[in-house]
Amino acid sequence: MPNFIMSYLGSTVTPGEAGNQFWALVYVFIIFVGVAVAVLCMNWIERKALAHFQIRLGPMRVGPHGLMQPFADALKLMLKEDIIPAEADQFVFWIAPMIGLLAAFTVYTVIPFGPSQAVSDMNIGILFMLGVSSLGVLGIVVAGWASNSHYPLIGALRSSAQMVSYEVAMGLAIVSAILMTSMNASGTGTLSMIEIVRAQQQQHVWFIFKFFPLGLIAFAIFAIAMVAETNRAPFDLAEAESELTAGFHTEYSGLRWSLFMLAEYAAMIAVSSIAVTLWLGGWMRPFPNLLHASAWDFIFSLFPGLTFGGLAAIAFIGAARMPAHSFFRIQRIGLAVFAALLGFIALLLLVIAVAGRSADMSLAARFNEGIGYVFWFVSKVAVFMYLFIWYRATWPRYRFDQLMKIGWKVMLPISLGVLMVTAIVGVLVS
Amino acid sequence: MSEHENDVSSRGLSSLDRSHLDLETPEKPYLDSNELIINMGPQHPATHGVLRVILKLDGEKVLGTECVIGYLHRGVEKIAENRTYTMFNPYVDRMDYCAAVSNGLGYCEAVEKLLNVEAPPRAQYIRVILTELNRIASHQLWLGTHALDIGAMTPLFYTFRDREEILKIFERYCGARLTTHAFRIGGCQYETYAGFEKEVKNFLTFFAPKIDEYEALLTTNRIWLERTKNVGVISGADCVALGVTGPVLRASGVKWDLRKAQPYANYSKFDFEIPVGTNGDTYDRYLVRMQEMRQSMRIVEQAVNDIPEGPIMGKVPKVIKPPVGEIYHSIEAPKGELGYFIVSDGSTQPYRLRVRPPSFVNLQALDLMVRGSLVADVVAVIGTIDIVLGEVDR
């Protein structure tokens, strides 16, 4: 093996920090594939969950319980005719989805899935994230403008106004979390995403519970702003179906449209990851300081395996409960294979958990550790993803002026207040 | 009539000014101008069919609207002149297809009035039960689509689930679910099926908690309140001036319901209230319709308990040939006053038949209600007026 591959193995820092560009590239690839898979899963889960909120079944035909539906849709979208309206600005129309996608995916470079499970540990990570994710609005605005049509234009205008106003409140909420990172012995704060999680570890508290209720309020502000930032219900004015037909992507179809969707879901996962990193202890498992005996480590390391085992069991029960009619035979077999696949992953994870029980530096132990980090991070993000669906099923849509009113008159003053009080409390405590 | 007169102090159009709409676009390219003319519909998810609304916008603000209708025009009134009275009966179901039973009731009663016959008591009860059930179904459809327009997806599926129970009763009664053709001139064609009363009662017990479920989703929902309160406000005087009827009129504080004001069928036998709003905004219209569903349930309950035995068809000749004359008969359809004006020349076919559709008249109020508000309010108001384009265009 060449040296540039082997030299990174065993390192406890991110590839970016270690200066190993090969592994950074590998991580980029893993994250890109992971996010794409997550978007596919999210597509299926959103349809199913939304359907069950609304007393319907959702996709049931393509694959068992519609499991292959995202793939079918992706295929369909790729095969569709590529339409660019004659009156549109061809080049800008073409590049707009790329901008959105690029912005959504670039954020992932600084998201820490674990202390070394990130592409790079930038010392201005959170600033970088804010800057890049704001670029996403450019894609929407440009798409609306390039379409040369009225509905997209209005959608784009709404979207830009919305994102600009919510970014302010969002930024201030983030600053109050950053202030909390400086509550250590040396009194130095940090903007690095990894260091922010480490600060929570050192201070023995997730920032959501820090200076109760200050952390909670800041988190709530961020949680609301991030829904607005990603144009999701109840703030989905930019693509308000009943008003603007489809908003900024009215003129888009096929692959280009799917790029917008991909960008939207990637952005949802990205902002959720940021919320998890800043307030919910990032990759840390629950109670890492309270339950720190190695027995607890072992118990918590079983969770990934058990989760997949549970999913496998659900899939297996689903296969067993399918009607006996021959019509369902293929579906039943498909679901059983899927269950077996999940079961195999569960088994693999359990084996790793058992093998990597000892806290030495063996490969299994390192692997086990990494899986634990990613698992807890993804689980926390998954909660947010579910909330996104839940919001969509429950709430009507805000009107434009009401959205602006909430952004500027409610959230901005609150987040400013929280920031100031956090600063004062921080000074008083230290 | 007296209540109605009292509420309307001025008969003129208080805030109506029709001298607006110069919809001509400026010569400049649109990106440089302040005003934007956009076409909402005829293919648009929130215009409830093929309504086309031309909006003149200043950014998000609506400066004026113009409705373009006729995309669903089928010449129903002209068809009536070429059909016998009996043959025309199914056509009326296709006007307001969400409330086909009400349409049929209005038409049958109008012709009966012209013929000077009356449906027997049992037929009257069946008519009231089915019409009120249809009112509930129509309001359910309104609620689901209205909520969807405002962005709440879930109520649509809840209302459709429960509407299904009503449609099942219709289907068992007359074989059709939507365009029922339930009534005939002079009474009803079909006797109720075995277990009809029980099924209707079952529906009432089934549906009472479901209304609470809808209300739990919306009535105190903060976003719903913000989106509907003070949106599309119209005063009672304006409603009367424009001829607006139905829940829209009642939400503006005018207690005018034809079931009480000019009782038809046997509505005078039932004990029910007319829900009235105060502000005339979208939220009040929502509350009024929710209350109306509860009142309709009361009527159905009384009717199904008191339903007498007896014949279901009055004494009507085989060939219906009304005497020369004209008649205007109107009923309280779910959407407002549904009137039929029939001119008879003594032949088997109407000389002229004119429908006064509530949706068409109520739609006139759209411009008044949305002027100066935002684009999002336009869809909310279209939803709250509760139009059916089949009836607007006929």
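The exercises below, each with a worked solution, concern a predicted model.

**Exercise 1. Overall form of chain B**

Compare the radius of gyration of chain B with the value for a compact globule, and describe the chain's extent, burial and contacts.

Solution. Step 1: chain B has 394 residues, and for that number a compact globule would have a radius of gyration near 21 Å. Step 2: the value for chain B is 21 Å, so the two agree. Step 3: along the principal axes, the C-alpha atoms of chain B fill a box of roughly 70 × 50 × 40 Å. Step 4: the secondary structure of chain B comprises 16 helices and eight strands. Step 5: 51% of the 394 residues count as buried. Step 6: take the contacts in chain B between residues at least 6 apart in sequence; 71% of these join residues at least 24 apart.

**Exercise 2. The sheet E1-E2-E3 of chain B**

Which strands of this sheet in chain B are the edge strands, and how many bridges does each pairing have?

Solution. Step 1: the sheet is open, has three strands in the order E1-E2-E3, and pairs them in the antiparallel sense. Step 2: strand E1 (35–40) and strand E3 (61–68) of chain B each pair on one side only, and these are the edge strands. Step 3: from one strand to the next, the twist averages 20 degrees. Step 4: E1(B) is joined to strand E2 (residues 52–58) of chain B over six bridges, and E2(B) is joined to E3(B) over seven bridges. Step 5: Lys56(B) can be used to read across the sheet, since Ile37(B) stands opposite Lys56(B) in E2(B), and Lys56(B) stands opposite Gly64(B) in E3(B). Step 6: E2(B) and E3(B) form a hairpin with two residues between the strands, and in this hairpin Gly59(B) takes a positive phi near 65 degrees.

**Exercise 3. His329(B) and its hairpin**

Is His329(B) buried or exposed, and which residues does His329(B) touch?

Solution. Step 1: His329(B) is found in strand E6 of chain B. Step 2: strand E6 (residues 325–333) of chain B pairs with strand E7 (residues 336–344) of chain B in the antiparallel sense, over nine bridges. Step 3: two residues lie between E6(B) and E7(B), which form a hairpin. Step 4: one of the bridge pairs sets Ser330(B) against Gly339(B) in E7(B). Step 5: His329(B) has 20 C-beta neighbours inside 10 Å; a residue is buried at 20 or more, so His329(B) counts as buried. Step 6: leaving out residues up to four places away in sequence, His329(B) touches Gly106(B), Glu109(B), Ala110(B), Lys113(B), Gly339(B) and Tyr340(B). Step 7: Leu72(B) is 257 residues from His329(B) in sequence, and their C-alpha atoms are 25 Å apart in space.

**Exercise 4. Packing of H5(B) and H15(B)**

Why is H5(B) described as roughly antiparallel to H15(B)?

Solution. Step 1: two packed helices are described by the angle between their axes and the distance between the axes. Step 2: helix H5 (residues 121–150) of chain B packs on helix H15 (residues 375–385) of chain B at an angle of about 175 degrees, and the axes are 9 Å apart. Step 3: angles over 145 degrees count as roughly antiparallel, and therefore H5(B) is roughly antiparallel to H15(B). Step 4: H5(B) contributes Thr145(B), His146(B), Asp149(B) and Ile150(B), which meet Val379(B), Ala380(B), Gly383(B) and Thr384(B) of H15(B). Step 5: by class, this contact has three nonpolar, four polar and one charged residues.

**Exercise 5. The interface of chains A and B**

How many residues of chain A are in contact with chain B, and which elements of chain A give two or more of them?

Solution. Step 1: 21 residues of chain A are in contact with 26 residues of chain B. Step 2: on the chain A side, helix H10 (241–244), helix H15 (363–394) and helix H16 (400–429) give two or more residues. Step 3: by class, this side has nine nonpolar, six polar and six charged residues.

**Exercise 6. Ser253(A)**

Where is Ser253(A) placed, and which residues does Ser253(A) touch?

Solution. Step 1: Ser253(A) sits in the loop between H10 and helix H11 (254–279) of chain A. Step 2: Ser253(A) counts as partly exposed because it has 16 C-beta neighbours inside 10 Å. Step 3: not counting residues up to four places away in sequence, Ser253(A) touches Lys80(A) and Ile83(A). Step 4: Ile83(A) is 170 residues from Ser253(A) in sequence, with a C-alpha to C-alpha distance of 6.7 Å.

Definitions and conventions. Residues are numbered from 1 along each chain as its sequence is written. Chains are lettered from A and ligands numbered from 1 in the order in which they are written. This is a predicted model: local features need pLDDT of at least 70, side-chain atom pairs count only at pLDDT 80 or more; totals for chains, interfaces and linings use all residues. Helices (H or I, at least four residues) and strands (E, at least two) are DSSP runs, numbered from the N terminus. The radius of gyration is taken over C-alpha atoms; the globule rule is 2.2 Å times the number of residues to the power 0.38. A residue is buried if 20 or more other C-beta atoms lie within 10 Å of its own, exposed if 12 or fewer, and partly exposed in between; C-beta atoms are placed from the backbone. Two residues are in contact if their C-beta atoms, placed from the backbone, lie within 7 Å. Ala, Val, Leu, Ile, Met, Phe, Trp, Tyr, Cys and Pro count as nonpolar, Asp, Glu, Lys and Arg as charged, and the others, Gly among them, as polar. Axes are lines fitted to C-alpha atoms, for helices over the stretch in contact, and angles run from 0 to 180 degrees between N-to-C directions. Angles under 35 degrees count as roughly parallel, over 145 as roughly antiparallel, 65 to 115 as roughly perpendicular and the rest as oblique. Two strands pair if DSSP finds at least two bridges between them.
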